[in-house]
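Let's take a walk through this model together, one element at a time. Have the sequence and the 3D view ready as you read.

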Amino acid sequence: EVELVQKMIDGVTKLIALEEEMAAAAGAAPAARAGVKDCGSFKLPEIDPAFDAWLHAQLMASPPDVKDTDEFKYITFTELPPFTDAHKSLMRKTLTPELFAQLKDVKSSTGYTLSNGIQAGVLRPHLGVGFTMGDEECFTLFKDLIFPIVSGWHQFDPATQVHKPDLNWESLAFSEEQAGKFATYVKSTRVRAARNISGLSLPAGSSVSDRLEVEKVMVEAFKSLPEELQGTYFPLGELNGAQEEELQAGGFMFQKPGPMQLLGAAGAGRSWPEGRGIFHNEAKTVLSWCNEEDQCRIIAMENGGGIKGVFERFCKLSNAIKGAAEGAGKKLMEDPNLGFLGTCPSNLGTGLRASFMIVLPELNKDVHKLEEICASFDLQPRGSSGEHSAAVGGKWDISNKQRIGFTEVELVQKMIDGVTKLIALEEEMAAAAGGAPAAEAEPAAEAAPAAEAGPKDCGSFK
């Protein structure tokens, strides 16, 4: 072993000496002194030859960023990127040469810059928003860029409109008759949103210390939950094989973001898996992700259509996190105009996505009619191949389109009202076709777990 390592030392010593001789003969400084940047394992995407050359030059000229890791480097853009036709984001459409010049040297107290914020949108042309927040200050410092993006994405003007929250689950109107219909047709129900703690950086710009502080506050929040929501927190870096397999089987696991994803391109996957973890209660009806896209993703769910119970658990989890933050002398990131704040401008306001997996075989034959009804309630139906496609087995994912400008109660109520209308029409169409409604023809499916009740729920996997 000693002989082999000694040979390495001697050989590399010779190579360095020869390299310096050749550099001196050529009249140039050795590369290390000339400032060639060590990019570790960080790789740039291939977008367009001319753009790629410009991007590489920008990377090589970028000064070190304290947030850099071996796997990820932040690029300092010295000029407005020469966007290609492939770049579709609202950031690209909003960021003019004048606005770039105005904001390019602006930096938050945690060191997050305009270049940091636009990096994901520059490296990943397919993104719709194209800007990520590194901390709460970004919403003020980069307001001239953020507000037009929010307006374009949500059709909500944060300069003139106000967002109001409402987490009173008792305000939902959901009759026993509706509950019976939902139990028959709806296979699973889920409500999720993001919560972030003021004063601590967001994942795209977080330091290791901030990430660990977030985790500490979240663990305290989970301890303070009501008894029926008590459970276990699993740090990702401490999972054994059996635990990881169980979490994956339940659909609870989240993975390190890939380089083509928003989070990977924004720097949210640095120092993985430190400070990340998963919480769920014993009944597996509440779930929380720590330090994924946001500091905390809260999710309530169950098999069947019990939306009122799901929403109640969601609200209690949200309130517990708020209480834990305040107990640590902090507060949640929240703004009178923008509502709950987070990493991506697409998830402001309530940041809430409620969804029903529902079987509608008759409406599945007329996708246009289903989409028409959903649109009237501002809902988004997704078939097996995404939007505007039919669903295998007639199983649809119905969710709310809006995030901001409406309260949590209003958005969930729209979901209830819209799905009630869909069920009524499904039954009318089944009766007109001379058959029993699909759900009545398969009574055993109501009580079966989601995995046994029919087509597999693959979420957003394509």
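Before we start, one cut-off is worth having in mind: a residue is called buried when its relative accessible area is under 20%, and exposed when it is over 50%. Keep in mind too that this is a predicted model.

With that in hand, let's begin at strand S4, residues 286-290, where 5 of the 5 residues are buried. In a regular strand, side chains alternate between the two faces of the sheet. Which residues of S4 lie on one side, and which on the other? Val286, Ser288 and Cys290 are on one side, while Leu287 and Trp289 are on the other. As every one of these is buried, both faces of S4 are covered.

Now look at the partners of S4. Strand S3, residues 277-281, runs antiparallel to S4, and 4 bridges join the two. To find the register, take isoleucine 278, whose bridge partner in S4 is tryptophan 289. The two strands form a hairpin with 4 residues between them, and in its turn lysine 284 has a positive phi of about 60 degrees.

S4 also pairs with strand S5, residues 296-303, again in the antiparallel sense, over 5 bridges. Here leucine 287 is a good landmark, with isoleucine 299 as its bridge partner in S5. S4 and S5 form a hairpin as well, with 5 residues between the strands, and asparagine 291 takes a positive phi near 60 degrees there.

Next, please move to helix H6, residues 114-123, and find serine 115. Is this residue buried or exposed? Serine 115 counts as buried because its relative accessibility is 5%. Its side chain reaches the backbone nitrogen of phenylalanine 77 at 2.9 Å. Leaving aside residues up to four places away in sequence, serine 115 touches Ile75, Thr76 and Phe77.

Helix H9, residues 176-185, is our next stop, and its buried residues are Gln178, Phe182 and Tyr185. These cover an arc of only 75 degrees around the axis, so they sit on the same side of H9. On the face turned away from that buried side you will find the exposed residues Glu176 and Glu177.

Let's finish at helix H13, residues 307-327, which contains glutamate 326. With a relative accessibility of 46%, glutamate 326 counts as partly exposed. How far apart are glutamate 326 and valine 217 in sequence and in space? They are 109 residues apart in sequence and 9.6 Å apart in space, C-alpha to C-alpha.

Methods
Residues numbered from 1 in each chain as written. Predicted model: local features only at pLDDT ≥ 70, side-chain atom pairs only at ≥ 80, totals over all residues. Heavy atoms only, no water. Buried < 20%, exposed > 50% of the residue type's maximum accessible area, 1.4 Å probe, protein only. Pairing = 2+ DSSP bridges. Polar contact = N/O pair within 3.5 Å; in protein donor to acceptor, adjacent residues only side chain to side chain. Contact = heavy atoms within 4.5 Å. Arc of directions from axis to C-beta.
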